[in-house]
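Visitor: Could you give me a close look at one single spot here, and then walk me outward from it? I'm in my first year, so please spell out the terms as you go.

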Amino acid sequence: MSALYDLWYWPSIPGRGEFVRLALEAAGIIYREPARENGVDALLGDMENRHGIRPYAPPYVTNGAETVAQVALILDWLGRRHGFASEDAAVATQLMQLQLTVTDIVAEIHDTHHPISTGAYYADQKDAAKKAALSFRSERMPKYFDYFEDALSARSGPFVLGAGWSHVDSSLWLLMEGLDYAFPNRMAELAPDYPRLAACRHAFAKLDNVAAYLRSDRRMPFNEDGIFRHYPELDSKGSDA
Ligand SMILES: N[C@@H](CCC(=O)N[C@@H](CS)C(=O)NCC(=O)O)C(=O)O
């Protein structure tokens, strides 16, 4: 079967592209990744050839007729076409609201290691990173987790919409995995207080397509060039500096 979509993203990191890749895999959608097949220059060339209303930054997805960027919008667009959003417009909007909140926490996670400038090296902003990570671990993680736990309580679980997964569940799964990788000490302390997030995570990983993807070599491990980075000096329990 031929691919329905091209997913364009940096080939050497899971990064934000993984939120899209994971949903495509969970839904069993056939897609290609030209930059993983042909190298980063393919991505740079494709970006350069686009003009006018175009993606500002990867990831973006195209089906030939349409090109969509911004993780939350891509997931909403794909979800409505392939049954992992909601046919009820009001519910689809609620999912988008939750997905945009994932976008917010992802930006804050990025800022724990790059609080001053995305363009500067981590080594050159380490002191500010320590302050940003302390505030993220002590204040922001529990606030976001409370919020998502509450969203999961709206229905009977294990997913936000109940028995069937949506793009919010795939993103919550990746978020929790990434935080486990980046902040293992803080996560060991916090995660037990959030049984609904744990149940959602557990149920999502057990979906057949997801389990197969996680065993495959298409799944890239987290690394210190992506969004979720493990720097031991940025992780400790609670409000310990
Ligand atoms: N809000 C966008 C952020 C996209 C983004 O920041 N992409 C990163 C890689 S994860 C990038 O390539 N940024 C280049 C830039 O901002 O110049 C989304 O959620 O898709």
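Guide: Let's start at Pro58, where a backbone N or O atom lies 2.8 Å from a nitrogen atom of the ligand. That is a polar contact, meaning a pair of N or O atoms within 3.5 Å; within protein, one atom must be able to donate a hydrogen and the other to accept it, and sequence neighbours count only if both atoms are side-chain atoms. Before we go on: this is a predicted model, where local features need pLDDT of at least 70 and side-chain atom pairs count only at pLDDT 80 or more, while totals for chains, interfaces and linings use all residues. Residues are numbered from 1 along each chain as its sequence is written, and side-chain values use heavy atoms, with hydrogens and water left out.

Back to the ligand. A side-chain N or O atom of Gln70 sits 2.7 Å from a nitrogen atom of the ligand, and a side-chain N or O atom of Trp10 is 2.8 Å from one of the ligand's oxygen atoms. On its own, the ligand has 510 Å² of accessible area, and the protein covers 69% of that. Such areas come from the Shrake-Rupley method with a 1.4 Å probe, and for residues only the protein chains shown count as cover. The full set of residues around the ligand is Tyr9, Trp10, Arg16, Tyr56, Ala57, Pro58, Pro59, Gln70 and Val71; to make that list, a residue needs a heavy atom within 4 Å of the ligand.

Stay with Trp10 for a moment. You'll find Trp10 in the loop between strand S1 (5-8) and helix H1 (17-26). (Helices are DSSP runs of H or I with at least four residues, strands are runs of E with at least two, and both are numbered from the N terminus.) Trp10 is partly exposed, because its relative accessible area is 31%; buried means under 20%, exposed over 50%, and partly exposed is in between, using a 1.4 Å probe and protein chains only. Together with Val40 and Leu44, Trp10 makes a nonpolar surface patch of about 220 Å² accessible area. Patch members have over 30% relative accessible area and no salt bridge; like charges are joined within 9 Å, and nonpolar side chains (Val, Leu, Ile, Met, Phe, Trp, Tyr) within 5 Å.

Now step into helix H1, and we meet charges. The side chains of Glu18 and Arg21 form a salt bridge, 2.5 Å from N to O. A salt bridge is a side-chain nitrogen of Lys or Arg within 4 Å of a carboxyl oxygen of Asp or Glu. Glu18 and Arg21 are 3 residues apart in helix H1, so about one helical turn separates them. Glu18 and Arg21 are both buried, and they belong to a salt-bridge network with Glu33 and Arg36.

Also in helix H1 is Glu25, which pairs with Arg218: their closest N and O atoms are 2.7 Å apart. This pair links distant parts of the chain, 193 residues apart, since Arg218 is in the segment after helix H10 (208-215). Glu25 is buried at 8% relative accessible area, whereas Arg218 is partly exposed at 36%. Searching the whole structure turns up 14 salt bridges.

What about strand S1, on the other side of the Trp10 loop? Here we switch to rings: the whole structure has 12 aromatic pairs. Tyr5 and Trp77 are one of them, and they count as edge-to-face because their ring centres are 5.7 Å apart and their planes sit at 70°. Rings of Phe, Tyr and Trp (its six-membered ring) pair if their centres lie within 6.5 Å; planes under 30 degrees apart are stacked, over 60 edge-to-face, and the rest tilted. Tyr5 is in strand S1 and Trp77 in helix H4 (residues 71-82), so the pair ties together parts 72 residues apart in sequence. Both Tyr5 and Trp77 are buried.

Compare that with Tyr144 and Phe148: centres 6.5 Å apart, planes at 15°, so that pair is stacked. Both lie in helix H6 (residues 126-152), 4 residues apart, about one turn of the helix. Tyr144 counts as buried at 9% relative accessibility, and Phe148 is buried at 1%.
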